[in-house]
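Welcome, and please load the structure in your viewer. We will go from stop to stop, selecting as we go.

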Amino acid sequence: PERLRVAPRRLSTLQGLLLWARRVTLVAREREAGFLWCGNIRPAAYPAKWARERTGVPYGILLHGGDLLVLQHKVHQSRVKRGMLRSLLGSAAVLVANSQWTADLARVVLGELGIDAGNRVRTVPLGTDPEYFRPGIDVSDVRRRYGLPEGGRWLVTVARLVPHKGVDTALHAFAALAGEIPDLRYAVVGSGEHYATLRALAESLGVADRVFF
């Protein structure tokens, strides 16, 4: 593996992006790369586009709904950001969305940028390893470890506990359903800066006894 020894916070600066882009270009030439994958639009697509212009190696971008929503807002606020995003997305060989909803949003954003989506957007849903996640597994140890009651129906979120993940919205939806579905419970798997706020929200909604962090 090739690792760039630069602090993550510097990768979004002009100096960091230039260092990253030059390194990607050098590695692409040395290893005769046939394709470059970007884990996000920004900042990863910047060095990929730089490398493409200097080596001809195409690149693809993995799309996430949260990233697109933020960028969609910026598209309408800044002409500079609109031009930058049009360049990054328009130069990509393929855009891979992790859900149909994300793919539909991507097509909307492309249309707002004046880019013909065509067959550029593909959908590859998030998956799991069926060797580990499948029906029939004995989960009694996990239930005991985390104090999860037996039976009933469960709503589950697996995510970092940060505001843009929308766990607060899920809690409001859960509270609205709680009266109609007495055996419904909510498991929130993850940790993060929003933990205390979410616990307090569950308390204020009157569902803390049915929400498990």
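Before the first selection, a word on how helix axes are drawn: each is a line fitted to C-alpha atoms over the stretch in contact, and angles between N-to-C directions run from 0 to 180 degrees. Please also keep in mind that this is a predicted model.

**Stop 1: α1 and α2**

Select helix α1 (residues 14–30) together with helix α2 (residues 45–55). Their axes come within 8 Å and cross at roughly 45°. Angles under 35 degrees count as roughly parallel and 65 to 115 as roughly perpendicular, so α1 is oblique to α2. The crossing of α1 past α2 is right-handed.

Now show side chains where the two helices meet. On the α1 side, pick Leu-17, Leu-18, Trp-20, Ala-21, Arg-22, Val-24, Thr-25 and Arg-29. On the α2 side, pick Tyr-46, Pro-47, Trp-50, Ala-51, Arg-54 and Thr-55. Colour them by type and you should find 9 nonpolar, 2 polar and 3 charged residues.

**Stop 2: Lys-49**

Stay on α2 and select Lys-49, which lies in this helix. Is this lysine buried or exposed? Its relative accessibility is 14%, and buried means under 20%, so Lys-49 counts as buried. To see its surroundings, add Tyr-59, Ser-87, Leu-88 and Ser-91: Lys-49 touches these, leaving aside residues up to four places away in sequence.

**Stop 3: α3 and α5**

Next, select helix α3 (residues 65–77) and helix α5 (residues 100–112). Here the axes come within 10 Å and cross at roughly 20°, which means that α3 is roughly parallel to α5. The crossing of α3 past α5 is left-handed.

For the contact, take Gly-65, Leu-68, Leu-69, Gln-72 and His-76 from α3. Add Trp-101, Thr-102, Leu-105, Ala-106, Val-108, Val-109 and Glu-112 from α5. This set divides into 7 nonpolar, 4 polar and 1 charged.

**Stop 4: the whole protein**

Finally, zoom out and switch to a cartoon view. The secondary structure comes to 8 helices and 7 strands. The radius of gyration is 21 Å, well over the 17 Å that the globule rule gives for 213 residues, so the protein is more spread out than a compact globule. Along the principal axes, the C-alpha atoms fill a box of roughly 60 × 40 × 35 Å.

Two last views are worth trying. Colour by burial, and 35% of the 213 residues are buried. Then draw the contacts between residues at least 6 apart in sequence: 70% of them join residues at least 24 apart.

Technical notes. Residues numbered from 1 in each chain as written. Predicted model: local features only at pLDDT ≥ 70, side-chain atom pairs only at ≥ 80, totals over all residues. Heavy atoms only, no water. Helix = DSSP H or I, 4+ residues; strand = E, 2+ residues; numbered from the N terminus. Parallel < 35°, antiparallel > 145°, perpendicular 65-115°, else oblique. Left-handed = near helix turned anticlockwise from the far one by under 90°. Contact = heavy atoms within 4.5 Å. Nonpolar A, V, L, I, M, F, W, Y, C, P; charged D, E, K, R; others polar. Rg over C-alpha atoms; globule rule 2.2 N^0.38 Å. Buried < 20%, exposed > 50% of the residue type's maximum accessible area, 1.4 Å probe, protein only.
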